[in-house]
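Here are some exercises to work through with the model open beside you. Try each task before reading its solution.

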Amino acid sequence: MIDSTDREILKILQQNARVSNAEIARQVRMAPSAILERIRKLEARGVIKGYEVRIDPEALGLNLLAYILVRTKDFGGELRTGEALASIEEVQEVHHIAGEDCYLVKARVRDARTLGRLLRERFASGGGISNTRTTIVLETLHETTRLPIDAALLEAGAAGSEAAPDTAAGSIAVAALAAGAPAAAAAARETAGLDELAALAAETLHER
């Protein structure tokens, strides 16, 4: 289960994977050793899959971005063509999709001529592709590899995991009442639930 502290750590690492444990600890107000232990556990569980450097593609002359819909001759659940496409250096993403087409491929190349050669020579070389449709990106307005970590809060499971502190607070209120007024606490337990008992504790402490 990923708790709120893990989410904060992941947000910080997504912004800058080279940030020090000391800086993460300062931001989340924990000891650096505790941060290191949490990161190691996230890595061991596969939540953190690795660390990469983001490079400006235009700095390398890769000025053309294209999305290619690929239809194949594969049968059933075969993924041979998709696996072959994933091995091409210019290909950044390969998604097996539903519908008439089989794969959605993201590729970066130098120019239109290079893209044409890629489609003719590399895509068609395996013989498993029957048709391709290419969309060339004119301008990129937004592109990121960051995940919307806070979206997990909308999940019912995540919401349930955040309820633990409230339960702990209720237990503290019960303990305070029991220490200050044992007889009242015993009577309350017999006639009321936890919420009513917590309210009674608050009234008792207020009267003091």
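**Exercise 1: The strands**

Task: In this predicted model, find how strand E1 (residues 64–72) and strand E3 (residues 103–109) pair, and over how many bridges.

Solution: Start with the sense of the pairing: E1 and E3 are antiparallel, and seven bridges join them. Next, check individual partners. Ala 66 has Ala 107 of E3 as its bridge partner, and Leu 65 is matched with Arg 108 in E3. Then turn to strand E4 (residues 129–136), which pairs with E1 in the antiparallel sense over seven bridges. There, Thr 72 stands opposite Ile 129.

**Exercise 2: The sheet**

Task: Work out which strands stand at the edges of the sheet.

Solution: Write down the order first: the open sheet has four strands, E2-E3-E1-E4, with antiparallel pairing. Strand E2 (91–96) and E4 each have a single partner strand, so they are the edges, and one side of each lacks a neighbour in the sheet. On average, neighbouring strands of this sheet are turned by 20 degrees against each other, direction ignored. Finally, add helix H5 (residues 112–123), which lies across E1, E2, E3 and E4 and runs at about 25 degrees to E1.

**Exercise 3: Two helices**

Task: Describe how helix H2 (residues 21–28) and helix H3 (residues 32–44) pack.

Solution: Begin with the geometry: the angle is about 105 degrees and the axes are 8 Å apart. Angles of 65 to 115 degrees count as roughly perpendicular, so H2 and H3 are roughly perpendicular to each other. Now list the contact: H2 contributes Asn 21, Ala 22, Ile 24, Ala 25 and Val 28, while H3 contributes Pro 32, Ile 35, Leu 36 and Ile 39. Sorting these residues gives eight nonpolar, one polar and no charged.

How values were computed: Residues are numbered from 1 along each chain as its sequence is written. This is a predicted model: local features need pLDDT of at least 70, side-chain atom pairs count only at pLDDT 80 or more; totals for chains, interfaces and linings use all residues. Side-chain values use heavy atoms; hydrogens and water are left out. Axes are lines fitted to C-alpha atoms, for helices over the stretch in contact, and angles run from 0 to 180 degrees between N-to-C directions. Angles under 35 degrees count as roughly parallel, over 145 as roughly antiparallel, 65 to 115 as roughly perpendicular and the rest as oblique. Contact means heavy atoms within 4.5 Å. Ala, Val, Leu, Ile, Met, Phe, Trp, Tyr, Cys and Pro count as nonpolar, Asp, Glu, Lys and Arg as charged, and the others, Gly among them, as polar. Two strands pair if DSSP finds at least two bridges between them.
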